[in-house]
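Biologist: I'm new to this structure and would like a close look at a single part. Could you pick a helix and walk me through its surroundings, and then show me some charged pairs elsewhere?

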Amino acid sequence: MSERIKDVFSPELRSWEEFYRNRWQYDKVVRSTHGANCTGSCSWWIYVKDGIVTWELQATDYPSFSPGIPNYEPRGCQRGISASWYLYSPLRPKFPYIRGALLDLWREAKAKYGDPVEAWKSIVENPELRNKYVKKRGMGGFRRADWDEAVEIIAASTLYTIKRYGPDRVIGFTPIPAMSMVSYASGARFLQLLGGVCLSFYDWYCDLPPASPQIWGEQTDVNESADWYNAGFIAIMGSNLNMTRTPDTHYLSEARYRGAKVVVFSPDYSQVSKYADVWVPVEQGHDAAFWMAANHVIMKEFYFEKETPYFLEYAKKYTDMPFLVKLRKDGDVYVPDRFLRASEIEKGEVLENAEWILCVIDDNGEVRIPYGSIGFRWSSIEGKWNLEMKDAVDGEEIDVKLSLMGEETVMVRFYYDEYGESIRGVPAKVVKTKEGEVVVTTVFDLLAAHLGISRGLPGDYPESYDDNKPFTPAWQEKYTKVGRRTVIKIAREWAENGEKTEGRNLAIIGPGLNHWFHNDLNYRAVITALILTGSVGKNGGGLAHYVGQEKVAPVASWAVVAFAQDWVKPPRLQNSPSFYYVHTDQWRYDRCSYIEPVDGDGLPEHTIDYNVKAVRLGWLPFYPQFNENPLKLVEEAQKEGAKSDDEVRKWIVDKLKEGKLKFAIEDPDAEENWPRIWFIWRGNAIGSSPKGHEFFLKHFVGAPNSNVMAREVAKDFVSEVVWRDAPEGKLDLIVDLNFRMDSTAVYSDIVLPAAHWYEKNDIQSTDLHTFINCLGGATSPAWEAKSDWEIFKLIAKKFSELASKHFPKPVKDVIMAPLLHDTPEELTQSDVKDWKLGQCEAIPGKTMPKLIIVERDYANLYKRFITLGPGIKTLGAHGVSWDASDIYEEILNEFPTIEWNGNRYVSLEEDVTVANIILTFAPETNGEISYRGFKNLEKKIGKPLSQIVEPYRSYRITFEDVKAQPKRIITSPVWSGNINDGRTYAPYTLNVEYEIPWRTLSGRQELYLDHPYYLAFYEMLPTFKPKISPRMLDEIEGDEGLILNFITPHGKWSIHSTYYDNLRMLTISRGGQVVWINDEDARTAGINDNDWVEVYNSNGVIVCRAVVSARVPRGMAIMYHAPERTLYIPKSKKTGRRGGVHNSVTRTRLKPILMVGGYAQFSYYFNYWGPTGVNRDTYVVVKKLRR
Amino acid sequence: MDVRAQLVMVFNLDKCLGCHTCSIACKNIWSDRRGAEYMWWNNVETKPGAGYPKFWEDQRKYKGGWVLKGNYVKLRAFGKFSTLLNIFYQPYMPKLEDYYHPWTYDYANLYNAPEADDQPVAEPVSLISGEKIDIEFGPNWDDDLSGSPLYAENDVNLDERRIISSFGKLFMFYLPRICNHCLNPACVAACPQRAIYKRGEDGIVLVDQNTCRGWRFCVSACPYKKVYYNWNTGKSEKCIFCYPRTETAQANACAHSCVGRIRYVGVILYDADRLDVALKVRDEELVEAQRRIILDPKDEMIRRAAKENGVPDSWLDAAIKSPAYALIREFEVALPLHPEFRTMPMTFYVPPLSPVLATQRIAYDVEDHEAIPDMEHLRVPVRYLSKLFSAGNEDVVVDALQKLIALRAYMRAKNLGESPDEQILRKASLDTGATERLYRLFTVASYHERYTIPSLHREYLDVAPSDERRGGRGFGIIAKPRGGL
């Protein structure tokens, strides 16, 4: 050692050390978190020094609840810890900003007309004036304004729109309530009080896995991350945990030390692959081929070559596998058809809703009708909606049979994409029905045949694993590029693990599978592998889908407050995929050649026609509803003599039948059917999520710099909609609440400075853990910023002030609403019958949408906004409800109140009270409420349940509690996981342990989906369809060069677009948007690392840098979702305009079978069911940009 | 025997997810200011890769650290003589482009841009000159690249360059780095001003911000390139092991924020008398030599010797609970980074497991393997790891990895309700007790088990009487108000 190195103790020499010690000192620490839809819901300590937020560090005080399982501390990631940068950054709007051209017009008009509503009218009704600002959106030219002026424009324009067109032309987009429930509620409450429209997000973001409602009747219900630790085998696909589940990833590495086997499926050597025992580079979009082959192996070896008792018992009890499916004769052979219903057999006649009750066969070969079908759920006789294998007619136990093997064999035609038809023998039986004899088989037998397991039966069955027929390990090689030996090995290990652990097989899954057109099929293939191994409803097992922070744990009470249902019901809630497909005119460019029914008789040709039909039949919502103002419609009906609501309804139905009144979707480009005012808060509607971003800019926003190069091709393919010239700039006003000047803000007309997450009070939940977290005000909102709640209060106040002149008295509004899941409306359409085609009567709420008449009190809207109405006295969610009238009265003494109209109400003026109301009325945070919910549910189920939550009856969480420490929720009748006694949350454990049915047709997990649309597209059984060929997409036409499949997984340096403009994240990444390509692909195109490139197709063009790495497979381009178009983007050589972002090359494509409604679990609910905004079936050309 | 206490950090690379939360935690608190913007006291590198500053490991280029010449250990670049000659010039120091040119953006343009015919954007501008620049390199430029012909393939530790472009063999893991607070710090030795010192009570190496004159010998001498020159203050700065936090028994910001729960901080005791010998062994013996100078904190003789040296009881107790001691010395799964630099670094790394190898002909097929794959099938070459963590001694790396595999195999059997094969443990020199403890440290260990940092005994160190100091804290020792009272 050098003699110069001495350890120094001397304090005198070290007094300078105070330099760094002073930096560490601070004045205050406050708990908060980030509202960024990252699903993390991490608790943070925010440090304040000299009145400035200086940094944040993760809170580490999560209560430990389960000994033997690693704790949740710390939670938080590189993005979250960068959040403090935003507070004082030059990116932050400090004041309200208004588009200069609009501000000039407004001041002039205001001076001329005095009345703000008249002033607004004078601008927007004059096309020349309107164009002056609409056609300048996104082109700079902002001017600082004051709050009064901004709020006046907003209130006046909203009132004008209601008067002229109707409240359903006022729309709002804000995503993911779970990330800040009160903030979501602010604008939503305002919109619903006035009759406006809230746009969905979970389906639009393509976070919704449609397979979940298809199989389980559930939007999404997944394991909290601590539950991964219980798994014995973890298969990860389409989910890059390091990137997207950063604070949870430690559970994966820790589960490995507990001996869990880990297999990662990812086309690139993704970050999470480092944790894998086996990395499987499956071709992107083709994971289902792997899993269908795995299912082939599992069923062949573990159901037939050896019978696995655990699997067989599980299949009988918890799945639809024993249920009977009719086989329809078609020529010489049979084809799989609908389920056999109790209504079709004699002894089932006595049952209520018999059309909605399914049948099985028992050991004696007799047809039986077990408990649990959805018909029992909505029957007046309660107690038979459970999973007991008992006959509903005689109450006897059923010795149910899974297979009809040994009965006669019939030849059934199966169909496989690209392979074609295959005739295979299936065991079947003839049963007597009221209509005569029909041939039936079980779902189990159909599945085995469909998977290609012959069991000695005749027909076109594969002979071995090496036989290249669906669905053998050899067959899948051409789709996945994964060898058959690997498939067989993994399938066996998977099944063995399932058997040994009784279902501790976990599939962690995400957008890598869900963002494809056939996302439901991708998922169904994987879920089948879980169901076959008895892994659903088990701790450490099941499907863990992590795509978006959709879980609002206290959803029942939150939905009341957010959608103002304490004052008026129902809300106008719109599925965004349909809305944007239609209103941004993407349908006009769509040839829909990729929609190919196997048996398409009578089905539409074009997606928009499917959508029109779905709206007409009440399957999906659509706003604006009609080509007339709904307020005027009721007025007119009343003028013409309609007195009661029923009469008004009849008057409207008649007008619709006569064609005198039209659904707006039938003529979406007519001026009277445009959405007009767009509120955006807590989200980046224009920059981050829009599939078909450039179409948004062109048709919806009207910005002059759209890069759309596609041709309008739909004219000859559509039959239900009016074709007219495409409008550009449908919206009159775009209002954005933001703390960043992001890609939406730059295209908005008014930008209002919103509070940062460290500057407001709010609550948060996630499905990754079972705590309620808070956002907390560390400092007041900086400069002129205000919280969302305060901002909408201001707007509401101004609105009511102006309304007292324009709407002095309450008015009537008619709401058109779809048939809803978890209500008796899910039993309305057992067949597809269209009243317009004369196939049935037009009956609102049965064969068409509901028409509900409500009252709007615009002059008192503000007072309603700030007080809690009596509508919260009874509430519920997911079909479970309870009474809380006594609690409503009690809390008048607990919280501040306001008196108006002669009544006293709890005041919602403060965000903290709003949070407390949500917590008070929710079963997850109030044990008494949970108890009441279970009490009601047990009546329906016919089995005791309230004992589950009895020990927690006095448990209650308040806002002050969660400010002090994250607090764990309790077991709730609204959710399916039992978390008593420190158990980690795993979905459907309540179903499995307490025989509670799934909310599906059979009440079981459904592998067979028998709706006519599913039969037509041959998707009744889990199957495989490859990604859409570029030939069918009309995106690459005559282009040459490097053509790549363009995928947009979630990245490392942002949460969606949030943090993409954050200097911290830009510094430790590449400083701007990049596209990742393979090194050999790059070489062929002459591209080097960090070169500027253009990435384009007919939808638009991106200009960015290239990142070159062998870790990315050939043929694929990765652009991590979602850059901001505000940063460091040069102009495109191709279009001469500013290059776009990731969604510049995508567009919206909707899958028709996801539009089905009025049919058990295929019934609409907001963010729950409907087509999704898929985006990965996209191809681009990548070319070096020569600057 | 000269027993001293040292705070040590251990990183379990098998758990690291490469998120860089640690880097931001550090930056927010310590280096978010003018002159320090390009500094990343804590950074995370993708391996194989170039790192930050670019190719810092390549001492042919940077000439950092020590070399063994006969029976002497000498700074590679500086003798006393050359120090004098080079006092105004550092020929081997990284240049700004080896780090990166720090930048921000013209964000204000998004508000201020006048109405025009296309959308305004915020262009990058230099944080040094304020001028518009193009972004060509950054502090984490080759993040997640692995198979890169520009960066990873030129990693000095990689023998077989092309393996990282084959899907069957491609691999990638992460390497977080802070200042190693070495026992034989080259920076301390190289400083002509004697501005750098190693604290006696906890071993933290600091650059005295009053004394430093910015000669930058430390920058050159540190083979890990973990001392940085602040161009604004004209002084060098580096990771301070978050002493204001550790002094108060709080984990370092990087460790606290480690969301992968890969980090462990605790006290070790070492024998400074044996340092000299340990530094002079052959490369392949370095790891073992370094282990040997770390002392058993339960040994009464050692405790007595430590006490004589002024190590307080609370520190001796902490040394017993220290996860660092357990991982480095007891289980021998944590290894030093580039011991051949001979600075005797006081941070240690548990090497990572990796997926099994595959063959890739017409289709991709993984090599046949057990449920918990064996050593020989893993993708990350032992040779590569040995160049990072054991100066080329592959046995040392194999031993550590075997323990992780044995632990997993043992726990898998338990997880599946089968009786575990203890033979597997014995082969990896483990027994059930050790395995259960190792398992606990890697999984359920709570915050306070991962970070066993005793608070500083400030009262021993203060010049002024403690009761006086209590009232005076925070009123300024360096910058007293002018004029006085």
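Modeller: Here is a tour that starts with one helix and then moves on to salt bridges. Keep in mind that this is a predicted model.

Let's start with helix α20 of chain A, which covers residues 576-583. Eight of its eight residues are buried, so the helix is largely enclosed by the rest of the structure. If you want to click through them, they are A:Ser576, A:Pro577, A:Ser578, A:Phe579, A:Tyr580, A:Tyr581, A:Val582 and A:His583. What do these buried residues of α20(A) pack against? Their partners in chain A include three strands with lower residue numbers, β7 (170-173), β8 (197-199) and β21 (572-574). On the list as well are α21 (607-616), β22 (677-681) and α24 (693-701) of chain A. After α20(A) comes A:Asp585, and its phi is positive, near 60°.

Now for the charged pairs. Over all chains, the structure holds 146 salt bridges. One of them joins A:Glu493 to A:Lys261, with the closest N and O atoms 2.9 Å apart. This pair links distant parts of the chain: A:Glu493 sits in helix α16 (residues 484-501) of chain A, while A:Lys261 belongs to strand β10 (residues 261-265) of chain A, 232 residues apart. Both A:Glu493 and A:Lys261 are buried.

Another salt bridge to look at is the one between A:Lys873 and A:Glu889, where the closest N and O atoms are 3.7 Å apart. Here A:Lys873 is in the loop between α26 (861-865) and β29 (874-877) of chain A, and A:Glu889 is in helix α27 (residues 885-890) of chain A, 16 residues apart. A:Lys873 has 25% relative accessibility, so it counts as partly exposed. A:Glu889, at 42% relative accessibility, counts as partly exposed too.

Over in chain B, the side chains of B:Asp317 and B:Arg303 meet in a salt bridge, 3.2 Å from N to O. B:Asp317 lies in helix α13 (residues 313-321) of chain B and B:Arg303 in helix α12 (residues 300-308) of chain B, so the pair ties together parts that are 14 residues apart in sequence. B:Asp317 counts as partly exposed at 39% relative accessibility. B:Arg303 has a relative accessible area of 15% and is buried, because the cut-off for buried is under 20%.

Last stop: a network. Salt bridges that share partners join A:Arg14, A:Glu17 and A:Arg21 with B:Arg199, B:Glu201, B:Asp202, B:Glu247 and B:Arg458.

Methods
Residues are numbered from 1 along each chain as its sequence is written. Chains are lettered from A and ligands numbered from 1 in the order in which they are written. This is a predicted model: local features need pLDDT of at least 70, side-chain atom pairs count only at pLDDT 80 or more; totals for chains, interfaces and linings use all residues. Side-chain values use heavy atoms; hydrogens and water are left out. Buried means under 20% relative accessible area, exposed over 50%, partly exposed in between (1.4 Å probe, protein chains only). Helices (H or I, at least four residues) and strands (E, at least two) are DSSP runs, numbered from the N terminus. Contact means heavy atoms within 4.5 Å. A salt bridge is a side-chain nitrogen of Lys or Arg within 4 Å of a carboxyl oxygen of Asp or Glu.
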